[in-house]
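Trainee: Hey, got a minute to go through a structure with me?
Mentor: Sure, put it up and ask away.

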Amino acid sequence: MSKDVLVVAEKRNGNLRNVSFEALAAAKKIADGGKVTAVLFGQGDHGDAEQLGHYGAAQVYLVTNEELNDFSIDAYTQAFTEVFNIVKPDAVLLGHTAMGRDLAPRAAARLGLGLVSDCTEINVQGDEVVFVRPIYAGKAFQKKKITNGIIFATIRSNNIDKGEPDTGRTAETIEHKAAITDIRTVIKDVVRKTAGTIDLTEAKIIVSGGRGVKSAEGFNPIHELAKALGAAVGASRAACDAGYCDYSMQVGQTGKVVTPDLYIACGISGAVQHLAGMSNSKIIVAINKDPEAPIFKVADYGIVGDLFEVVPMLTEEFNKVPV
Amino acid sequence: MKTLVLLKQTFDTEEKIVLKNGKVSEEGVKFVINPYDEYAVEEAVAIKEKHGGEVTVVTVGPPRAEAALRTALAMGADKAIIVDDETIFGDEYMISKVLAIVAKRDSYDLILGGYMAVDDGAAQVGPRLAEELGIVHISTITNLEVEDGKVRVEKDVEGDIEIIEAATPVLLTAQQGLNEPRYPSLPGIMKAKKKPIERIKAADLSLNIEEIHSKTEVSEQYLPLEKTAGKILQGELPEQVSELVESLRFEAKVVQ
């Protein structure tokens with residue numbers, strides 16, 4: 001049976017996020033011929049609507065109100081509920097991002113709905129939609145479905161193929177002014193620590209450092225390699241606990257769970273809780289002095305050696321134009 | 001300042017997962033306070049030490065979860081509540097409805113919890129509970145200051161920091177980096193033995209189970225395909241490096 005699906009798209013640093021396109025791809029699958037509507041809160045424009053159309057939205061709501069320019073849970077939950085009541089979807093999808101993680105459960109509670117969060121795969125079996133999601137940070141997986149009411153899920157970045165955009169498609173664009181009252185939080189300041197860096201959870205390539213990096217300065221060669229590859233920089237808990245880097249860089253069961261195309265682990269031994277956070281990456285490279293390090297058990301390619309020797313050589317090699 | 005801390009007992013993160021009859025086996029597993037909830041306990045105790053007040057920890061779980069409550073009491077929490085009743089061990093929708101009823105029996109200025117649990121990783125209960133209670137929430141906080149009916153927090157937004165203020169009552173969820181949880185001291189452990197743990201069943205909360213029944217269902221759990229070790233490159237280091245780059249470019253095709 002066809003379903004109407006609502007996708008909450010989002011922008012970061014002025015651009016639509018990949019996970020929004022991935023959510024649209026998932027929405028098309030669930031819709032099974034039904035209507036796919038995307039909604040963008042805050043500073044969405046017609047260029048964004050056009051792009052969302054290329055990835056499968058038949059209809060795009062650009063919802064404005066000055067309270068939506070920055071995220072606040074009160075404003076976004078109100079605006080979402082308003083659009084939800086207009087569109088009356090059979091299913092709702094969001095990215096499992098900072099915004100999605102905040103908005104989806106709150107909105108689900110307000111609407112009295114179940115929610116399946118952080119999904120990595122969606123299977124449509126007849127009328128039933130079955131979600132696959134990691135548990136224990138990917139040490140195991142579960143299949144989960146909504147048994148009662150509207151389908152509601154958040155999806156993890158980098159796991160569902162967004163497909164090729166169809167530039168011939170256009171979406172009907174609807175500008176909507178939301179009514180918003182009583183915001184209970186005030187943003188006093190924003191410290192942008194990520195300007196110019198690539199978000200770990202969306203990165204296609206990640207270069208990570210562990211205890212073997214030995215100091216904060218020891219991360220320099222890691223950053224150089226990341227720069228050569230257009231990669232994000234991650235870290236193990238050992239490196240964060242030792243104060244070599246910020247906790248926001250931590251990959252693992254505590255910290256971020258990542259699934260890039262390429263994960264390069266430098267000086268990381270491979271504790272169980274780190275492996276949980278990265279072992280579902282497509283290709284894993286391990287560089288470690290200790291040939292017995294557990295990280296080699298999950299690595300596709302391993303180099304036994306000193307990272308301070310190997311990593312700069314890799315950077316140099318990647319900087320050469322391929323022949 | 002009266003604080004309620006939401007706590008879940010989880011597997012230690014160093015535990016591997018074993019399935020038995022399609023279910024995650026608990027045999028021989030070491031249990032801990034969910035690491036994110038541990039930050040919440042520490043923060044609540046630190047606030048009490050600075051501003052006075054009372055800290056209550058609550059969990060929904062089986063009898064083994066009492067050990068986690070005892071640890072929280074040993075860290076400095078004053079009292080604990082466990083809702084130990086299989087009829088309400090449901091999904092996040094159900095658990096947050098139960099917690100809301102427990103929270104409404106008293107009045108709290110502050111509700112703290114981890115932003116997610118390291119087992120299910122759903123990150124739903126905090127925001128859901130705030131909605132059920134009609135209070136605002138701020139998630140993934142890395143710093144908290146409390147003053148006259150107001151909180152000022154630093155919220156981690158995918159690596160950026162937002163400084164946000166809100167009036168109490170408010171629900172806050174902890175991100176890594178909020179604090180360094182203390183180890184319970186020996187006197188703390190001794191004192192904890194005398195602190196009260198209230199054990200509650202669904203009947204004590206006059207719940208209508210049908211009304212709060214789970215809206216999701218797990219149909220299957222499975223382990224990922226075991227990753228096989230790949231190849232350790234051989235030869236002189238420069239050769240290994242160029243072989244690796246070649247392989248990533250032309251074999252794995254993950255780099256241009």
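Mentor: Let's talk through how the chains meet, and then look inside each one.

Trainee: Anything I should keep in mind before we start?
Mentor: Yes, this is a predicted model.

Trainee: OK. How many residues of chain A are in contact with chain B?
Mentor: On chain A 78 residues are in contact, and they meet 70 residues of chain B. The chain A side divides into 37 nonpolar, 19 polar and 22 charged residues.

Trainee: Which helices pack against each other across the two chains?
Mentor: Take helix α4 of chain A, residues 98–111, and helix α4 of chain B, residues 125–133. Their axes are 8 Å apart and the packing angle is about 40 degrees. An angle like that makes α4(A) oblique to α4(B).

Trainee: Is that crossing left-handed or right-handed?
Mentor: The crossing of α4(A) and α4(B) is right-handed.

Trainee: And which residues make the contact?
Mentor: From α4(A) you have A:D102, A:P105, A:R106, A:A109 and A:R110. From α4(B) you have B:P127, B:R128, B:A130, B:E131 and B:E132. By class, this contact has four nonpolar, no polar and six charged residues.

Trainee: Why do you keep giving me an angle and a distance for helices?
Mentor: Two packed helices are described by the angle between their axes and the distance between the axes.

Trainee: Got it. What does α4(B) pack with inside chain B?
Mentor: It packs with helix α3 of chain B, residues 92–104. Here the angle is about 50 degrees and the axes are 9 Å apart, and α3(B) and α4(B) are therefore oblique to each other. Their crossing is right-handed.

Trainee: Which residues of α3(B) and α4(B) meet there?
Mentor: B:E92, B:I95, B:S96, B:K97, B:L99, B:A100 and B:A103 of α3(B) meet B:V125, B:R128, B:L129, B:E132 and B:L133 of α4(B). That contact counts seven nonpolar, one polar and four charged residues. Notice that B:R128 and B:E132 take part here, and both are also in the contact with α4(A).

Trainee: Changing topic: do strands cross the chain boundary too, and in what order?
Mentor: They do. Four strands form an open sheet in the order β8(A)-β9(A)-β10(A)-β14(B), with antiparallel pairing. β8 of chain A (121–125) and β14 of chain B (216–222) stand at the edges with a single partner strand each, so one side of each is left without a neighbour in the sheet. On average, neighbouring strands in this sheet are turned by 25 degrees against each other, direction ignored.

Trainee: How many bridges are there between β9(A) and β10(A)?
Mentor: Five bridges, in the antiparallel sense, between β9(A) at residues 128–135 and β10(A) at residues 140–146. To find one of them, look at A:R133, whose bridge partner in β10(A) is A:Q142. Also, α1(A) packs on the sheet and touches β8 and β9 of chain A, and its direction makes about 10 degrees with that of β8(A).

Trainee: Which other strands pair between the chains?
Mentor: Strand β18 of chain A (residues 301–304) pairs with strand β15 of chain B (residues 231–232) in the parallel sense, over two bridges. A:G302 has B:I232 as its bridge partner in β15(B).

Trainee: What's chain B like as a whole? How many helices and strands?
Mentor: Chain B has six helices and 15 strands. Its C-alpha trace spans about 65 × 45 × 40 Å along the principal axes, and 47% of its 256 residues count as buried.

Trainee: Which strand in chain B could I look at for burial?
Mentor: Try β12(B), residues 170–174. Five of its five residues are buried, so it is largely enclosed by the rest of the structure. B:V170, B:L172 and B:A174 point one way, while B:L171 and B:T173 point the other way.

Trainee: Which strands are joined to β12(B)?
Mentor: Strand β8 of chain B (residues 110–114) is joined to β12(B) by five bridges and runs parallel; there, B:G113 stands opposite B:T173. Strand β9 of chain B (residues 136–147) also runs parallel to β12(B), over four bridges, with B:I138 partnered by B:L172.

Trainee: Last one: which residues of helix α2 in chain A are buried?
Mentor: A:D48, A:A49, A:Q51, A:L52 and A:G53. The buried residues of α2(A) pack against several elements of chain A, including β1, α1 and β5. Just after α2(A), A:G56 takes a positive phi of about 125 degrees.

Methods. Residues numbered from 1 in each chain as written. Chains lettered and ligands numbered in written order. Predicted model: local features only at pLDDT ≥ 70, side-chain atom pairs only at ≥ 80, totals over all residues. Contact = placed C-beta atoms within 7 Å. Nonpolar A, V, L, I, M, F, W, Y, C, P; charged D, E, K, R; others polar. Pairing = 2+ DSSP bridges. Buried ≥ 20, exposed ≤ 12 C-beta atoms within 10 Å, placed from the backbone. Axes fitted to C-alpha atoms, helices over the stretch in contact; angles between N-to-C directions. Parallel < 35°, antiparallel > 145°, perpendicular 65-115°, else oblique. Left-handed = near helix turned anticlockwise from the far one by under 90°.
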